[in-house]
Amino acid sequence: MKRMIRAALILTFLISSAALSEALKIEITQGVSSAQPIAVVPFLNTQSTSALPVDIAQIISDDLVRSGRFKSLSRFDMLNKPSSAEQVNFRNWQALGQDNLVIGKVIDNANGQLTVQFQLFDVYKGEQLTGFSIPANRSDLRAVAHRISDLIYEKLTGQKGAFSTRMAYVTSMQDLNGQHEYKIQVADADGFGAKTIVTSSEPIMSPTWSPAGDKISYVSFEQRRSSIYTQTLKTGAREKLRSFKGINGAPSWSPDGTQLALTLSKDGSADIYIYNVITRSFRRLTTSYAIDTEPDWSPDGRQIVFTSDRGGKPQIYRVSVNGGQAARVTYEGSYNARARHSPDGKNIAMVHRVNGQYRIATLELKTGFISILTDGKLDESPSYAPNGSMILYSTNDGLKSILAAVSSDGKVRQKLRLQGGEVREPAWSPFK
Amino acid sequence: MKMYKNLLTGLLLSTALAGCSMFGGDEQSSEGAMSGMHDGAQTSGMMDGNKYTGHPLDNPASPLATKIIYFAFDSSAVEPQYEAVIAAHGAYLAANSGVSVIVEGHADERGTREYNVALSERRANTVQNLLSLQGASANQTEAVALGEEKPVAVGHDESSWSLNRRVELIYPAH
């Protein structure tokens, strides 16, 4: 394992045959040389009667590797497979070049409840870094595995893990009769367990999460014209926002969940409006004759960045949520659009055109410094992980639109493939 | 021949009725969905000697037969070859106050999706304004912006993109 791991790891998921056509396959196309070696030993199943429905250690290992910050020891290279601290011989793991070791077991409490225990060790110091006992049901072992990944990741990197989060995205398929089917799906951050939340024969676009992660707002053309809907994930119930002549688009939730920024063109050209969820009233924020669209709230709730071509070409501007003069943010390049704030509010990710190619770039708001992170031709829709570590986006693999992810430093890259259709507009959920 | 004329009258009447309910007010009703617009009946021109007797919107010799206007990259300016087409549709609407048209704007896939919705609306608005210059009234036309969401060509090069940067004139009752 040196320099870069290219097309090295393909993580496929154990899925039911029914869900096969909708599973996302994640492929790491570029890793980092500094990835920390870690061994995740298969968890001991103390239930004598039945096998566990998921391989917890494999899920943890896959999560950690996918972050690009870790490389995981193959099970075939393990000299033994300890499940308790007394069984660990640290010199064995040192000899295998491992920095850290994870062991664990699943205990059957006889009342149908399980307890998942795990310990994380520093192999060189020979000491435990963290360890937890987590109560679980058979049906939520996958979620427990992601929580363990979060705990390990945070302990070893100092950054909160985002393995227990989800992503929403739009799919588009065409059948043999030319009929289109558009969907929004929600899947775990590792691509597992995709569920369709809305299906339409007319386009659906711009899915965006409420800050509590319980709702998704989106734009649907199901009535031939655009309308914004907000759908509660648990129940599937949805509410149509009052819609107007012209564009009803680009919804973006305020961090406190009381307002939606959106684009309307009812008063002429596309402008940014603020919809108050409680009073159900609309307030116009921008008034230019140009196109103003794609609003995004700053994490402190005070500013909104948006795309405008008031200067002739689409560029990013910033305005106070109370209105007033908008300030131009981007100057480099002739096309900068659809900005999204990083969770710490220090950067924006956006679509940036270079030599006719559309790429994902970040811009440091304080300095205006731009870093181009991707190398596609038609990259769009950047969405930050809630811990800021990665940016999901859509790219074109030469034939169709697929999802991809890049670490916010540009060093780690992944592709997420969905069989049989176009996938686009990924939106990473907030922490729960 | 007479029978056909009756049929045509009926057609125009239904157009007028559809026109009444279609573009009322600022706010759209949630029941306003119109279905079957793309797979509606397609009439074909019947030449009777040298005289065209089909629906005027289908007359291959008339600029009215052209219902798609193409645009240059990142532009909402109507190119000269389409001026006569739009003028003919505007005059047709002015002469048939019961007829309404959806002016549907589209963009190619380059650039961001919501910006493309706005760009496609600008194209639709340009055409809509030219129609009203010919006397089409405001309640006869509605601009709808679909951005890059409904491409007619799915390739990733200029040959596809040039077909997707378009405004379609859709007569719902036709």
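Student: In the hairpin of strand 30 of chain A and strand 31 of chain A, which residue takes a positive phi?

Tutor: The model is a predicted one. Strand 30 (residues 401-407) and strand 31 (residues 413-418) of chain A run antiparallel and are joined by 4 bridges. Between these two strands of the hairpin there are 5 residues, and the one with a positive phi, near 80°, is A:G410.

Student: Which residue of strand 31 of chain A is the bridge partner of A:V406?

Tutor: The two strands of this hairpin, strand 30 and strand 31 of chain A, are antiparallel. Within strand 31 of chain A, the residue bridged to A:V406 is A:R413.

Student: How confident is the predictor in chain A, and where does the pLDDT stay under 50?

Tutor: Chain A has an average pLDDT of 91, and 94% of its residues score at least 70. One stretch is under 50 throughout, although the model has 28 contacts for it beyond four places in sequence. That stretch of chain A is residues 1-21.

Student: Which strands of chain A stand at the edges of the open sheet with the order 11-10-9-32?

Tutor: This open sheet has 4 strands with antiparallel pairing, and its twist averages 20° from one strand to the next. An edge strand here has a single partner strand, so one of its sides is left without a neighbour in the sheet. The two strands of chain A in that position are strand 11 (195-200) and strand 32 (422-428).

Student: Which residue in strand 11 of chain A does A:Q185 stand opposite?

Tutor: Strand 10 (residues 180-188) of chain A pairs with strand 11 of chain A in the antiparallel sense, over 5 bridges. Opposite A:Q185, in strand 11 of chain A, stands A:T196.

Student: Are helix 1 of chain A and helix 3 of chain A oblique or roughly parallel to each other?

Tutor: Two packed helices are described by the angle between their axes and the distance between the axes. The axes of helix 1 (residues 56-66) and helix 3 (residues 141-157) of chain A come within 9 Å and cross at roughly 45°. That angle makes the relation of helix 1 of chain A to helix 3 of chain A oblique.

Student: What is the make-up of the contact of helix 1 of chain A with helix 3 of chain A?

Tutor: Helix 1 of chain A passes helix 3 of chain A in a right-handed crossing. Helix 1 of chain A contributes A:I56, A:I59, A:I60, A:D63 and A:L64, while the residues from helix 3 of chain A include A:L141, A:A145, A:I148 and A:I152. By class, the residues of this contact are 9 nonpolar, 2 polar and 2 charged.

Student: Where in chain B is the pLDDT below 50?

Tutor: The average pLDDT of chain B is 80, with 71% of the residues scoring at least 70. The stretch below 50 has 33 contacts in the model beyond near neighbours in sequence. In chain B this stretch is residues 1-40.

Student: Which residue in strand 5 of chain B stands opposite B:G105?

Tutor: An open sheet of 4 strands in chain B has the order 3-6-4-5 and mixed pairing. Strand 5 of chain B is an edge strand, as is strand 3 (68-70) of chain B. Strand 4 (residues 101-105) and strand 5 of chain B pair in the parallel sense over 5 bridges. The residue opposite B:G105 is B:A145.

Student: Which residues in helix 3 of chain B meet helix 2 of chain B?

Tutor: The axes of helix 2 (residues 83-95) and helix 3 of chain B come within 7 Å and cross at roughly 55°, and these two helices are therefore oblique to each other. The contact divides into 6 nonpolar, 2 polar and no charged residues. From helix 2 of chain B come B:I86, B:H89, B:G90 and B:L93, and meeting them in helix 3 of chain B are B:V127, B:L130, B:L131 and B:L133.

Student: Which element supplies the largest share of the side of chain B that touches chain A?

Tutor: The contact takes 26 residues from chain B and 35 residues from chain A, and the predictor gives the complex an ipTM of 0.91. Helix 3 (113-133) and strand 5 (141-145) of chain B each supply at least two residues of the side that touches chain A. The largest share, 8 residues, comes from helix 3 of chain B.

Definitions and conventions
Residues numbered from 1 in each chain as written. Chains lettered and ligands numbered in written order. Predicted model: local features only at pLDDT ≥ 70, side-chain atom pairs only at ≥ 80, totals over all residues. Contact = placed C-beta atoms within 7 Å. Axes fitted to C-alpha atoms, helices over the stretch in contact; angles between N-to-C directions. Parallel < 35°, antiparallel > 145°, perpendicular 65-115°, else oblique. Left-handed = near helix turned anticlockwise from the far one by under 90°. Nonpolar A, V, L, I, M, F, W, Y, C, P; charged D, E, K, R; others polar. Pairing = 2+ DSSP bridges. pLDDT = per-residue confidence, 0-100.
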